[in-house]
Structure formats: structure tokens, C-alpha cells
Amino acid sequence: TIQEGCDKFCSFCVVPYTRGAETSRPVASVLAEARRMVASGVREITLLGQNVNAYHGDDGNGGSATLAGLAADLAAIPGLDRIRYMTSHPRDVDQSLIDAHQDNAALMPFLHLPVQSGSDKILKAMNRGHTSDEYRETVRRLREVRPDLALSSDFIVGHPGESEEDFEATMQLIRDIGFAMAYSFKYSPRPGTPAAGQPLQVAEDIKDRRLAEMQALLREQQDAFNADMVGTTQDILITGKGRKPGQLSGRSPYLQPVHFEGPETLIGSIVKVAITERLTNSLGGTLIRETAPAC
């Protein structure tokens, strides 16, 4: 964790009330922990925060560092090959962070960027502070500098006041963007949040139907993304033994679980794997090289 709290006050969320205002750890503290982790064999770290791209930690020189600056400092640590971060807010994706996805090879090409809704009316009711087209433009700029970037997101169906037209706007945004994976939920009132007391609460059976339709579309996109991996070669960070004898398990740059045969001595290393099949929730492959170039 490098950042806690949130200043955004989305209408459905309790985080600002339970976690308080946005605070960030000093750069020196994060770097020291990362160096200890790398010394113990860690090859990949994920920077966590309720709104991690609002990071503004003390840089040790009387100023504040950005998430992009922190990621650059982390990438300079020998042996740290992969950096991820979550969860992000679209309003805090600044140009320095977009540039980092082009310039910092350690930043993995997989970004969790919650949007919650594709309806401008509902985004306003949620107090998200951006429109659906502004989200599309942020994604466009990211993909312009990193064409292989894949996205995941969060969606809420049935926020108070959501009409069929609003729901369809969200479905259209999903079709327009294309997501490698996503988390989707029915709106559930949180006591003390503005949305909990709003009129026009959506009936549960309508929320159930909308969620099922959305999850079917998101699953279709996820399956298509995973199917597109078949026939490619990926750098896989081996995290441990697989379920079958002689099998290893690891993660692709896109965080997909990948299973293949190989010696246990490779655990903890990054190897080249030819992806040969798409399984229900993972990929299968064949080890083709026992070392992969460092990022």
C-alpha cells in the first residue's frame, strides 16, 4: 500500500468516510520496502491504494512525487522487472502517467481503470467528475502510447435513477472500449452515502437482469481477449507449481494465469512461453526458453 483514502466522494462509496482524506507514503519508505522485497526474490510488485494514481508522496526534496515518478524510481531497482498499480480514478490519469506507460518498460500493459457507468447522467449522479467521452479519450491517449495496453474496469448496474437508456449507454461504452476483464456489481445502498437516500431506487429484478446481460458481454470480451493470446509468445513470471505433476503456473504481462510443463528450479523467474490453448479461466502453453530478457 502506497496511498490510502479518497477525496472524490462518489455517491455510492463509503471510502472517504471510513478511510479519510487521501494520504501517501513518502517515496523513501516505498523504495526501501521495494528493495527489501527484491532482495528476498520478488520480481513484481503492485502498488495499492484506494485511489493510487492520486499518489503525492514526499519526494525527500521538499516536494511531492507523482505515481509516474515513483514508478520510474522503482524501475531503477535492479531485479524489479514488473510494476502494476491499482485502483485508479480516471480523473487522476495525468500526462506524466500516460507518458510512463510509453517510457517505463517495467509498467505492465494491463491497467485497471474503473468507470462504473457509461451514462453521463449516472456518472453525474455518482459524482464521478468525468463524462463517458472523457473516459474514452483517456483510454485513447493511453492506447496511443501503448497499443498493446489491455484494460479492466469496475461497473455498477442499477444505481438510483438508472433507466434502460442509461444501462444501454454503459453497454455501448463496453463495446466501444473492449475489456480484457472486469468486475461488475449490482448497486447496493451503503448507509450514510448520498445515493442510499436518493429516490428512484431500481428494483432488484431489473438489476439482476441488467447485471446478467452485462456480465455476458464482459465474459464474451474476456474470452475473445484470451483466445487472441493463442499463437503468441509471452513472458511469464513463474509463481509456483501447477496442479498437475511437472506443471508450473505463472502470470502473463496481462495478469492471466498460465500453466505449462517445466522444472521447479524455474520458479521465481521470467520465461518465454508459447501460448497454445485458452482454458476457462487461464491459458495453457509450452516452455520455449528458460530465460526472458529483463525489462
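Trainee: Why is L255 called partly exposed?

Mentor: This is a predicted model, so everything here is computed from it. L255 has 31% relative accessibility. Buried means under 20% and exposed means over 50%, with partly exposed in between, so at 31% L255 counts as partly exposed.

Trainee: And where is L255, and what makes its phi worth a remark?

Mentor: L255 is in the loop between β9 (247–251) and β10 (257–261). Its phi is positive, about 70°, although L255 is not a glycine. Most residues other than glycine have a negative phi.

Trainee: Which other residue that isn't glycine has a positive phi?

Mentor: F9, with phi near 55°. F9 is in the loop between β1 and α1. Its relative accessible area is 38%, so F9 is partly exposed.

Trainee: How do you know that the bond between M86 and T87 is cis?

Mentor: From omega, which is about 5° for the peptide bond joining M86 and T87. Most peptide bonds are trans. T87 is in the loop between β4 and α4.

Trainee: R91 is in the loop between β4 (82–86) and α4 (95–103) too. Is R91 buried or exposed, or in between?

Mentor: In between: R91 has a relative accessible area of 42%, and therefore is partly exposed. R91 touches K8, N127, R128, G129 and H130, leaving aside residues up to four places away in sequence. Take G129: R91 and G129 are 38 residues apart in sequence, but 7.1 Å apart in space, C-alpha to C-alpha.

Trainee: What makes E22 and K8 a salt bridge?

Mentor: Their side chains meet at 3.1 Å, N to O. The cut-off is 4 Å between a side-chain nitrogen of Lys or Arg and a carboxyl oxygen of Asp or Glu, so the E22 and K8 pair qualifies. The pair links distant parts of the chain, 14 residues apart: E22 is in the loop between α1 (15–18) and β2 (23–24), K8 in the loop between β1 (3–4) and α1.

Trainee: Why are E22 and K8 both called buried?

Mentor: Put each value against the 20% limit. E22 has a relative accessible area of 13%, so E22 is buried. K8 has 8% relative accessibility, so K8 counts as buried.

Trainee: How do you know that E164 and R209 form a salt bridge?

Mentor: The side chains of E164 and R209 meet at 2.4 Å, N to O, and the limit is 4 Å. E164 lies in helix α7 (residues 164–177) and R209 in helix α8 (residues 204–229), so the pair ties together parts that are 45 residues apart in sequence. E164 counts as partly exposed at 35% relative accessibility, and R209 counts as partly exposed at 33%. Salt bridges that share partners join E162, E164, R209, R210 and E213 into one network. The structure holds 23 salt bridges.

Trainee: For D235 and K272, why is D235 called partly exposed and K272 buried?

Mentor: The 20% limit falls between their values. D235 has a relative accessible area of 21%, so D235 is partly exposed, whereas K272, at 19%, counts as buried. Their side chains meet in a salt bridge at 2.8 Å, N to O.

Trainee: How do you know that the length of α8 fits a helix?

Mentor: α8 has 26 residues and reaches 37 Å from its first C-alpha to its last, close to the 38 Å expected at 1.5 Å a residue. The buried residues of α8 include K207, R210, L211, M214, L217, L218 and Q221. G231, with a positive phi near 95°, follows α8.

Trainee: Which residues have the most contacts inside the largest nonpolar core?

Mentor: L47, L70, L74, F155 and F179, in a core of 48 residues. L47 touches I2, V52, L67, L70, L74, I83, R84, Y85 and M86, again not counting residues up to four places away in sequence. Another core, of 17 residues, lies apart from it, with A180, F225, V258 and L283 among them.

Trainee: Last one: what lines the largest pocket?

Mentor: The lining has 25 residues, of which F12, C13, Q116, D154 and I156 lie nearest the centre of the pocket. β7 gives the most to the lining, with three residues. The volume of the largest pocket is about 550 Å³.

Terms used: Residues numbered from 1 in each chain as written. Predicted model: local features only at pLDDT ≥ 70, side-chain atom pairs only at ≥ 80, totals over all residues. Heavy atoms only, no water. Helix = DSSP H or I, 4+ residues; strand = E, 2+ residues; numbered from the N terminus. Buried < 20%, exposed > 50% of the residue type's maximum accessible area, 1.4 Å probe, protein only. Core = buried A, V, L, I, M, F, W, Y, C linked by side-chain atoms within 4.5 Å. Contact = heavy atoms within 4.5 Å. Expected span 1.5 Å × (residues − 1). 1 Å grid on protein atoms, 1.4 Å probe; cavity = no way out; pocket = protein on both sides within 12 Å on 5 of 7 lines; lining within 4 Å. Points joined across faces, edges and corners; volume = space filled by probe spheres on them.
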